[in-house]
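Please look at how two helices cross in this model, and then at the nonpolar cores and one buried position. The reading moves from the helix pair to the interior.

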Amino acid sequence: MQKDVLENLQAMRQKSPLVHCITNLVVMQVNANILLAVGASPIMAHAQEELEDLVKIINALVLNIGTLDKHMIASMNVAGDFANKYKKPVVLDPVGAGASRLRTETALSILRTIKPCIIRGNGSEIMALAGEIGETKGVDSTKDSLEVVDEAKQLAKTFQTVVSVSGEVDMITDGTRVAYVHGGNPLMTLVTGIGCSATAVTAACMAVAKNPFIGAVSAMALFASAGEKAGKKCQGPGSFLSYFIDELYNADYEDAAKRVTLG
């Protein structure tokens, strides 16, 4: 698995996949800068009139429900339909699923109709989507990734997808296999956009991966490595983001790959 992760990260940097993010308005700049730092190319567009043209040329699509309204939902559905038509992989970030009916129902609708290859979220979001009552605190998680392994497996099996759960130890499953990623830093939870950017980078890795499981694991390994290194240099959350972007740009892929274990 570590060899697959190493090769995937190298391929992502070499091929510079174009990732289209219909995403949380709060995090667009952070997402774009982080995609550039890892070697991918970002595009952020929501207008339905241009989505078919854009989806034709991208390598992966991100649907992030962080700042929902009826126009955003419509754009996500249109882009998702075109992604299916043109066989472009989709990653879903179900931000705040379980916190409101709108968020939960929108995420489940995307899972049923667009069928993303990967769902990437926190423990509470994954628990909510798996049909459990998640203890949500806004869009933050009150469930650790290791507490929702069974729910993540069930969600993956039900929707034939890969589930990537962030936490102190990240956990990724395709319903059968389980991978764990060790590293990161607690300051990652104090910078808006880090989690959403993990989803964007997951799409970049998936775009060049042998399969979605390897793509999902690779992205979390890269973040774990860069986050741990940035945490040792920074003075707080403000400087953490700058160091984190630099560490992603100067990434040590071998170090990232070594952070992965199979359960």
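Helix H2 passes helix H8 in a right-handed crossing, the near helix being turned clockwise from the far one by less than a right angle; helices here are DSSP runs of H or I with at least four residues, numbered from the N terminus. H2 (residues 28-38) and H8 (residues 194-208) pack at about 45°, with their axes 9 Å apart, where axes are lines fitted to C-alpha atoms over the stretch in contact and angles run from 0 to 180 degrees between N-to-C directions. That angle makes H2 oblique to H8, since angles under 35 degrees count as roughly parallel, over 145 as roughly antiparallel, 65 to 115 as roughly perpendicular and the rest as oblique. The contact (heavy atoms within 4.5 Å) involves Val30, Asn31, Ile34, Leu35 and Val38 of H2, and Ile194, Cys196, Ser197, Ala200, Val201 and Ala204 of H8.

This is a predicted model, in which local features need pLDDT of at least 70 and side-chain atom pairs count only at pLDDT 80 or more, while totals for chains, interfaces and linings use all residues. Residues are numbered from 1 along each chain as its sequence is written, and side-chain values use heavy atoms, with hydrogens and water left out.

The largest nonpolar core, a set of buried Ala, Val, Leu, Ile, Met, Phe, Trp, Tyr and Cys residues joined through side-chain atoms within 4.5 Å, has 51 residues, and Val201, Phe223, Phe240, Phe244 and Leu248 have the most contacts inside it. Helix H9 (residues 212-231) supplies the largest share of this core, 11 residues.

Ser218 is also found in helix H9, and it counts as buried because its relative accessibility is 0%, the cut-off for buried being under 20% relative accessible area with a 1.4 Å probe and protein chains only.

Definitions and conventions
Helices (H or I, at least four residues) and strands (E, at least two) are DSSP runs, numbered from the N terminus. Buried means under 20% relative accessible area, exposed over 50%, partly exposed in between (1.4 Å probe, protein chains only).
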